[in-house]
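Q: I would like to learn how to read a few features of a protein model. Could you walk me through them?

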Amino acid sequence: MNFLRGVMGGQSAGPQRSGAETVQKLCDRVASATLLEDRRDAVRALKSLSKKYRLEVGSQAMEHLINVLQMDRSDSEIIGYTLDTLYNLISNDVEEEEPADGSEEEHVQKPSSEDLAVQYTEIFIKQPDNLTLLLSLLEEFDFPVRWPAVKLLTALLKNLGPQVQQIILVSPMGVSRMMDLLADSREVIRNDGLLLLQQLTKGNAAIQKIVAFESAFERLLDIITEEGMSDGGIVVEDCLLLLLNLMKNNSSNQNFFKEGSYIQRMKTWFEVAEENLNWSAQKVTNLHLMLQLVRVLVSPVNPPGATSTCQKSAFQCGLLQQLCTILMATGVPADILTETINTVSEVIRGSQVNQDYFASVNAPSNPPRPAIVVLLMSMVNERQPFVLRCAVLYCFQCFLYKNQRGQAEIVATLLPTTIDANSISAGQLLCGGLFSADSLSNWCAAVALAHALQDNSVQKEQLLRVQLATSLGNPPVSLLQQCTNILSQGDKINRRGSNVQTRVGLLMLLSTWMTDCPIAVTHFLHNQTNVPFLTAQISENLGEEEQLVQGLCALLLGICIYDNENTLENYTKEKLKQLIEKRIGKEIFIEKLAYISKHEMYSRAGQKPQPSYSIPEQMLLDHEFTKLVKELEALIIKAVQKSSEDDKKEEEVKKSLEQHDSIVSQYKELIREQDMQLNELKKQVTALTTQNEQSQTTITQQAAQIQQLKDQYNLLKIQGKPVDSHHHVHNEAAQINGIQPKADMEEIGRLQEELEQWKKQHGILEGQLAEKDAIIDKMQTSQISGNKDTDDCTDNSGEPTAAAHKELETLRTLVQTQAAEISQLQAKKQELENQPAAITGLGSGDVDSDSALRRITQLESRVSALDDENQKLKGQVRVVTEEKESLDQQLTRTNNTVVILQTDKGKLQQEVMESKKEQDDLLVLLADQDQKIFSLKNKLKELGEPIEDEDDMESGDQDDDDYDDDEPN
């Protein structure tokens with residue numbers, strides 16, 4: 001302990017030890033001490049010496065420190081000291097302290113700090129278990145352990161990132177433990193965890209995917225929101241850098257970000273108040289990174305499907321609208337405005353919906369102007385920053401990319417019928433930039449106008465109508481003529497910048513304009529000075545700066561040959577090729593044409609659509625133009641090398657093929673029409689077949705019902721049933737034919753109800769009548785017995801009593817009354833019996849057997865009519881079937897004709913190939929004969945024989961005369 005106090009405390013009275021000896025003593029104490037306190041003090045002493053004696057501590061104590069991590073993990077204090085010591089040894093951020101003593105041995109060829117850091121990192125990760133042990137320490141919650149472990153891992157990744165990443169990738173739960181750092185409530189650990197994840201995700205797609213699927217996007221966006229988004233501090237910047245690492249060049253994570261609806265959450269990042277003029281450096285940095293993150297999602301180098309989906313989401317959630325608000329806002333810093341323009345450019349590139357919205361955006365000016373016009377004003381203004389002008393050009397290119405509607409709108413602003421003298425249009429700005437004294441404006445305007453014509457033959461023809469007023473008193477000239485005039489003047493005009501840049505821009509515009517547009521080629525060749533100018537430019541021997549101009553002139557002259565329709569007699573394809581052969585030479589022409597693809601700016605421009613150059617002089621070639629050169633170069637070389645006979649044969653073959661194609665197209669059209677007719681007939685046959693089947697079903701049903709009615713009628717006729725049965729038959733027939741009116745049904749129901757009531761009343765009366773009959777019988781019986789008693793009384797007394805006579809009279813009167821009532825009741829009963837028959841007669845509508853026979857006769861006639869209709873339908877089906885068979889036969893004959901024509905076409909193509917082979921053989925024979933003639937001439941000269949060259953001289957004079965005749969006036 002006294003030794004440690006001497007190291008940690010003041011100077012000891014004994015002789016001074018060197019740093020290496022002190023470190024050696026401490027390492028021995030760490031290795032041999034049995035008490036934890038002694039080892040802890042020794043490690044603390046090594047930590048204090050690790051900055052001053054970095055080499056000694058690292059070379060002697062590294063192994064002992066790793067052993068401490070393994071053996072003393074239960075003590076957080078010694079673990080913290082050990083991790084701090086290792087961090088001091090491995091990190092490059094630690095400032096080394098100079099040794100106090102001035103001994104020379106301390107300064108002799110000490111390795112650099114970076115070399116030491118890399119060496120110690122290699123020693124540490126040589127055993128992968130060491131890194132696994134360090135990852136396990138991240139689970140410790142104690143601040144003195146967790147924070148140094150995070151810093152040490154970050155330092156290891158900075159020094160040897162790929163090697164450390166591979167070890168972490170195979171370590172169980174390694175990435176998950178690092179992701180848990182983002183949830184730590186202590187901001188220091190969370191912020192350093194962000195830095196650790198930044199180093200971890202650099203250049204490793206597998207780790208990027210694992211981190212993304214560990215809910216990294218959700219956590220990072222939450223932190224950005226908590227920290228204040230663009231107004232936040234360095235933590236927001238670290239989160240954005242980590243997001244860029246996760247999604248740049250990683251389509252899987254981009255797709256995961258899009259599907260997680262995280263694009264919608266980005267809209268709030270760009271809600272910048274216009275009155276907020278406090279643009280701090282940190283806010284500018286944050287917003288710049290946010291814009292870069294949007295660009296990563298919609299980058300042109302991403303898969304097209306993923307880019308279009310992100311563009312659609314950006315429009316639907318309002319992100320594009322918010323970016324356009326920043327674009328048109330005032331007081332926005334230049335670098336933020338430039339990056340916003342680039343971001344909007346890629347959000348709208350190739351998306352018709354987004355391009356249409358951008359065309360409708362107006363600047364907040366009085367009067368309002370379209371955003372495109374405002375941006376073009378900045379592009380042609382030479383006082384604007386160079387990067388801003390490049391960004392505006394890129395935005396204009398993206399607006400016109402695959403946007404024929406936008407191209408038509410731009411070209412329309414140049415046409416005489418749509419020009420408004422009171423307002424500034426895009427076409428006016430482009431013309432102004434095209435003919436200004438600033439070479440960069442010339443180039444930008446030419447490229448922008450070329451994009452308005454890209455792959456759009458209609459607008460190429462429309463642009464030929466544009467007329468320009470040059471000066472008072474002079475007639476207007478076409479835009480094409482004015483471009484060629486400026487091109488031919490060359491260095492005669494004083495410009496700010498490079499004249500080469502202006503000429504390159506005009507040549508790119510003319511090449512794009514005339515490609516696939518024979519009318520434009522004819523207009524160009526109609527000017528007698530254009531072709532001599534091009535041939536003169538190509539044939540001259542100029543410096544390296546002019547080589548690109550020569551290559552573009554060769555390209556333009558090649559387009560005049562390739563897209564020439566031979567409408568001008570002096571400039572047909574054949575005469576132009578003869579002119580190239582005599583004035584320039586085919587080999588030299590092809591060599592000059594190759595100057596374009598060999599130029600250093602060609603490969604640079606072809607890498608990505610955005611023009612990114614450090615100085616204006618480097619802006620020479622456009623990305624889309626490099627694609628055009630790749631397509632045209634081989635075609636032009638092939639067109640120039642063809643002979644006139646090859647052209648004639650090719651034209652003949654083309655004509656024959658066109659004739660065959662026209663015949664084939666006619667037959668195809670005929671077949672198409674016949675197919676349509678056949679399909680219509682098939683539909684008619686199907687409809688008629690369906691109708692026939694329905695009719696057959698109806699006939700079958702009605703025939704069965706008729707037979708059933710006949711059977712019922714015969715049965716009723718045999719049984720002789722009353723009218724009610726006939727009424728039932730009539731009802732069935734009426735229901736079959738569907739002729740029973742609703743009113744009759746209601747009347748029959750009412751009469752049936754009344755009949756039921758009468759039946760009930762009839763039953764009641766019959767009951768009353770039965771009671772009366774019983775009373776009458778009783779009275780008759782009592783009367784007979786009374787008579788017997790009277791006789792007995794008479795016999796007994798000789799005369800009836802008064803009471804008996806009175807009672808007898810009463811009974812007689814009662815009997816008479818009852819008899820009258822019985823008669824009345826019998827009459828009423830007869831009426832009631834007659835009423836049901838009358839009511840039944842009313843319900844049946846006086847239907848009898850004759851009416852039933854008439855109904856059956858009607859049904860039979862209807863069945864016969866349906867049979868006739870069925871026969872007609874069968875006849876129509878038979879006719880349609882015959883027409884179908886004839887059409888099938890005609891289709892077979894047509895197909896045979898097409899096969900014959902295609903066979904003839906193949907034979908013609910084979911003949912063309914054979915003629916080409918024969919021609920090549922003839923050329924070889926001619927070359928051999930020329931060689932033999934030349935050798936024979938040489939032998940004759942050696943033998944001293946005179947050789948006359950008059951024929952050669954005459955042929956040479958004749959060639960000169962032909963050359964003079966071919967020159968245009």
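**Reading helix pairs, cysteines and a loop**

A: Happily! Let us start with a helix pair: the axes of helix α2 (residues 19-32) and helix α3 (residues 36-49) come within 8 Å and cross at roughly 150 degrees. Keep in mind that this is a predicted model.

Q: What describes two packed helices in general?
A: Two packed helices are described by the angle between their axes and the distance between the axes.

Q: How are α2 and α3 oriented to each other, and why?
A: An angle over 145 degrees counts as roughly antiparallel, and the axes here cross at roughly 150 degrees. The helices α2 and α3 are therefore roughly antiparallel to each other. As for handedness, the crossing in which α2 passes α3 is left-handed.

Q: Which residues in α2 and α3 meet?
A: On the α2 side they are Thr22, Val23, Leu26, Cys27, Arg29 and Val30, and these meet Asp38, Arg39, Ala42, Val43, Ala45, Leu46 and Leu49 in α3. Sorted by class, this contact of α2 with α3 has 9 nonpolar, 1 polar and 3 charged residues.

Q: At what angle do α31 and α33 pack?
A: Helix α31 (residues 547-562) packs against helix α33 (residues 586-593) at about 115 degrees, and their axes are 7 Å apart. Here too you can read a handedness: α31 passes α33 in a left-handed crossing. In the contact, Gln550, Gly551, Ala554, Leu555, Leu557 and Gly558 of α31 meet Phe589, Lys592 and Leu593 of α33. The residues of this contact of α31 with α33 divide into 5 nonpolar, 3 polar and 1 charged.

Q: Let us turn to cysteines. How many disulfides does the count come to?
A: First the idea: a disulfide is a covalent bond between the sulfur atoms of two cysteines. The cut-off for the sulfur pair is within 2.5 Å, and the count in this model comes to 0 disulfides.

Q: Why is there no bond for Cys324?
A: The closest cysteine sulfur to that of Cys324 belongs to Cys395, and at 8.4 Å it is too far for a bond. Cys324 is buried, with a relative accessible area of 3%. Likewise, the sulfur of Cys483 is 8.2 Å from the closest cysteine sulfur, in Cys431, which is too far for a bond. Cys483 is buried, its relative accessible area being 0%.

Q: One last residue, please: where does Lys51 lie?
A: Look in the loop between α3 and α4 (54-71). Lys51 is partly exposed there, with a relative accessible area of 33%. The C-alpha atoms of Lys51 and Asn88 are separated by 6.3 Å, although the two residues are 37 residues apart along the chain.

Technical notes. Residues are numbered from 1 along each chain as its sequence is written. This is a predicted model: local features need pLDDT of at least 70, side-chain atom pairs count only at pLDDT 80 or more; totals for chains, interfaces and linings use all residues. Side-chain values use heavy atoms; hydrogens and water are left out. Axes are lines fitted to C-alpha atoms, for helices over the stretch in contact, and angles run from 0 to 180 degrees between N-to-C directions. Helices (H or I, at least four residues) and strands (E, at least two) are DSSP runs, numbered from the N terminus. Angles under 35 degrees count as roughly parallel, over 145 as roughly antiparallel, 65 to 115 as roughly perpendicular and the rest as oblique. A crossing is left-handed if the near helix is turned anticlockwise from the far one by less than a right angle, and right-handed if clockwise. Contact means heavy atoms within 4.5 Å. Ala, Val, Leu, Ile, Met, Phe, Trp, Tyr, Cys and Pro count as nonpolar, Asp, Glu, Lys and Arg as charged, and the others, Gly among them, as polar. Buried means under 20% relative accessible area, exposed over 50%, partly exposed in between (1.4 Å probe, protein chains only).
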